[in-house]
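Visitor: I would like to go through this model strand by strand and then look at its pocket. Please show it first.

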Amino acid sequence: MNTGQGRPAHRAPLFLRIWGSPLARGSDRAEAVLVAGLVVVWLLTIPFIATIASAEWPGVQARVVGVQQAQTAVGATLVTDADLATVDAHSYSVVQPMASATWTGRDGRPAGGSIVVRIGARAGDQQTIWLDEQGRVADPPMSTRTAAGLLVLVAAGAWLMLGILFLAIRRTAGWSLDRRRHRSWEDEWARFDAGSRSS
């Protein structure tokens with residue numbers, strides 16, 4: 001059993017070791033305080049961001065539900081096979097298969113047009129489409145679960161962006177403190193050299 005060699009079983013945190021070290025300079029202690037402060041503030045922003053996200057959720061949910069209620073799902077019958085849409089070469093849009101289809105509009109009258117379909121869709125296939133309040137084909141409404149997931153992602157992204165900002169602050173401050181330390185070391189070496197020559 002090794003009790004006299006190796007690293008101590010318990011070591012003080014780096015912050016405390018720097019703070020209590022007689023060799024630590026004021027810039028070292030300032031950097032330790034800055035790092036600890038930024039970490040604490042970053043962690044404290046978690047409940048703050050969570051509170052903001054929770055406060056925003058009722059409004060997001062109301063908008064999603066409003067879109068869901070404004071749109072109507074109808075069955076469309078394809079009258080042509082799927083064909084890749086013609087896309088402007090400068091639009092950088094994703095090429096999606098399109099097909100002509102017919103369906104019953106919101107007013108009960110027959111309607112038709114081009115809709116986005118799955119790859120390989122054939123004439124006669126059935127597909128669900130969504131119509132807006134004016135009876136035009138619209139994108140499927142977002143589900144409340146998807147909206148909640150996106151809100152969580154936005155909140156997490158905001159927290160990570162704060163972390164990146166704090167890291168940039170720490171890097172900038174560290175660079176400034178390093179310059180101060182280098183100047184201090186140069187001054188001490190100059191005084192040491194001057195003392196050595198005089199002796």
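Visitor: How many bridges join S3 to strand S4?

Guide: In this predicted model, S3 and S4 (residues 110-116) run antiparallel. Thr 104 of S3 stands opposite Pro 110 in S4. The number of bridges joining S3 to S4 is 7.

Visitor: Which residue takes a positive phi in the hairpin of S3 and S4?

Guide: The hairpin has 5 residues between the strands. A phi near 85° is found there, and the residue that takes it is Gly 108.

Visitor: In S3, what is the bridge partner of Asp 83?

Guide: Strand S2 (residues 83-84) is joined to S3 by 2 bridges, and the two run antiparallel. Asp 83 has its partner in S3, namely Met 98.

Visitor: Which residue in S3 does Leu 78 stand opposite?

Guide: Strand S1 (residues 72-78) pairs with S3 in the antiparallel sense, over 3 bridges. The S3 residue opposite Leu 78 is Ala 101.

Visitor: Which side chains of S3 point to the face where they are buried?

Guide: Side chains alternate along residues 97-104. Met 98, Ser 100, Thr 102 and Thr 104 point to one face and are not buried, where buried means under 20% relative accessible area. On the other face, the buried ones are Pro 97, Ala 99, Ala 101 and Trp 103.

Visitor: Which element gives the largest share of the lining of the largest pocket?

Guide: The largest pocket has a volume of about 190 Å³. S4, strand S5 (126-131) and strand S6 (137-138) each give two or more residues to its lining. By class, the lining has 7 nonpolar, 4 polar and 1 charged residues. The largest share, 4 residues, comes from S5.

Terms used:
Residues numbered from 1 in each chain as written. Predicted model: local features only at pLDDT ≥ 70, side-chain atom pairs only at ≥ 80, totals over all residues. Heavy atoms only, no water. Buried < 20%, exposed > 50% of the residue type's maximum accessible area, 1.4 Å probe, protein only. Pairing = 2+ DSSP bridges. 1 Å grid on protein atoms, 1.4 Å probe; cavity = no way out; pocket = protein on both sides within 12 Å on 5 of 7 lines; lining within 4 Å. Points joined across faces, edges and corners; volume = space filled by probe spheres on them. Nonpolar A, V, L, I, M, F, W, Y, C, P; charged D, E, K, R; others polar.
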